[in-house]
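Hi,

Here is the structure I said I'd pass along. Have a look at it first, and then read on for what turned up.

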Amino acid sequence: MPLPDRRHWAGLAVVAAGVVVGFPMLTTLALQTSTTAHAAVVVGLLPLTTALLSALRTGTRPSRTFWLAALAGAAAVVAFTVQQSGGSLTAADAYLFAALLVCAAGYTEGGRLARVMPGWQVIGWALVLCLPLAVPAAAVALSLEPVRLTAHSVTGLLWVAAGSQFLGLVVWYRGWRPSASPRPASCSSRSRCSHWCGRCSSWAST
């Protein structure tokens, strides 16, 4: 398989930084002081955030009805977040909103790249870019913390690696390929829930 063109590496780096590294790391930090249910509701803003960044990146213009519906949903999520946080945003909320931004940026760049290369190559090369960081980090983590392998933890790890991190994003970018417009983001609840459940299973297994 040939290497991607040089002009695509910057976009692949954004996918790697946002989808592979940034989103999992920031949501994990948030879950240290937040509940999974609270985090899942906040992450419900991801389709809107992706649609907004995609519109800015590609210059497309969704309909007014789309934006009204999306903003109504976003307002409901923000109101819930503030109410659950006792009237003010917490550090966990800041991590979650940062996760939204970096993940939406990764989704937007990946959707743009999916117009010129297969979706499995988009996420595949993003994962390859992360290897210089992931391998040393894994080695350090294994040296600092004992590992107790169980059937539950191994199954969760395999699901996150093969299902949530790779296959889920292959389907995601496949859905973006026909148009790379903001609309797929608004229709992604089922795909995103599958991806989120993969994250949750990894947290539960640890």
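One number to start with: if you take contacts between residues at least 6 apart in sequence, 86% of them join residues at least 24 apart. Keep in mind that this is a predicted model.

**Overall layout**

The protein has nine helices and zero strands, so written along the sequence the pattern is just α-α-α-α-α-α-α-α-α. There are 206 residues, and 41% of them count as buried.

**The core**

The largest nonpolar core takes in 36 residues. If you want somewhere to centre your view, try Leu46, Tyr107, Val122, Leu169 and Tyr173, which have the most contacts inside that core. Two or more residues each come from α1 (9–30), α2 (36–42), α3, α4 (64–84), α5, α6 (119–144) and α7 (151–176).

**How α1 sits against α6**

What angle do α1 and α6 make where they pack? About 75°, with the axes 8 Å apart, which means α1 runs roughly perpendicular to α6. On the α1 side, the residues involved are Trp9, Leu12, Ala13, Val15, Ala16, Val20 and Val21. They meet Val122, Ile123, Trp125, Ala126, Leu127, Leu129, Cys130 and Leu133 of α6. By type, this contact of α1 with α6 comes to 15 nonpolar residues, with no polar and no charged ones.

**Salt bridges**

How many salt bridges does the structure hold? Three, and here they are.

- Glu109 and Arg57 pair through their side chains at 2.5 Å, N to O. This pair ties together distant parts of the chain, with Glu109 in helix α5 (residues 91–113) and Arg57 in helix α3 (residues 46–58), 52 residues apart.
- Arg112 and Glu109 form another, at 2.8 Å, N to O. These two are three residues apart in α5, so about one helical turn separates them.
- Asp5 pairs with Arg7, and their closest N and O atoms are 3.0 Å apart.

Glu109 turns up twice there, and Arg57, Glu109 and Arg112 are indeed linked in a network of salt bridges.

Is Glu109 buried or exposed? Glu109 counts as buried because its relative accessibility is 8%, which falls under the 20% cut-off. Its partners sit differently on that scale: Arg57 is partly exposed at 43%, and Arg112 is also classed as partly exposed, at 25%. As for the Asp5 pair, Asp5 is partly exposed at 39% relative accessibility, whereas Arg7 is exposed, with a relative accessible area of 60%.

**A closer look at Phe97**

One more residue to click on is Phe97, in helix α5. Phe97 has a relative accessible area of 24%, so it counts as partly exposed. Which residues does Phe97 touch, leaving aside its neighbours within four places in sequence? Val42, Leu45 and Leu89. Of these, Leu45 is 52 residues from Phe97 in sequence, yet their C-alpha atoms are 8.8 Å apart in space.

That's the tour. Shout if anything looks odd when you load it up.

Cheers

How values were computed: Residues are numbered from 1 along each chain as its sequence is written. This is a predicted model: local features need pLDDT of at least 70, side-chain atom pairs count only at pLDDT 80 or more; totals for chains, interfaces and linings use all residues. Side-chain values use heavy atoms; hydrogens and water are left out. A salt bridge is a side-chain nitrogen of Lys or Arg within 4 Å of a carboxyl oxygen of Asp or Glu. Buried means under 20% relative accessible area, exposed over 50%, partly exposed in between (1.4 Å probe, protein chains only). Helices (H or I, at least four residues) and strands (E, at least two) are DSSP runs, numbered from the N terminus. A nonpolar core is a set of buried Ala, Val, Leu, Ile, Met, Phe, Trp, Tyr and Cys residues joined through side-chain atoms within 4.5 Å. Axes are lines fitted to C-alpha atoms, for helices over the stretch in contact, and angles run from 0 to 180 degrees between N-to-C directions. Angles under 35 degrees count as roughly parallel, over 145 as roughly antiparallel, 65 to 115 as roughly perpendicular and the rest as oblique. Contact means heavy atoms within 4.5 Å. Ala, Val, Leu, Ile, Met, Phe, Trp, Tyr, Cys and Pro count as nonpolar, Asp, Glu, Lys and Arg as charged, and the others, Gly among them, as polar.
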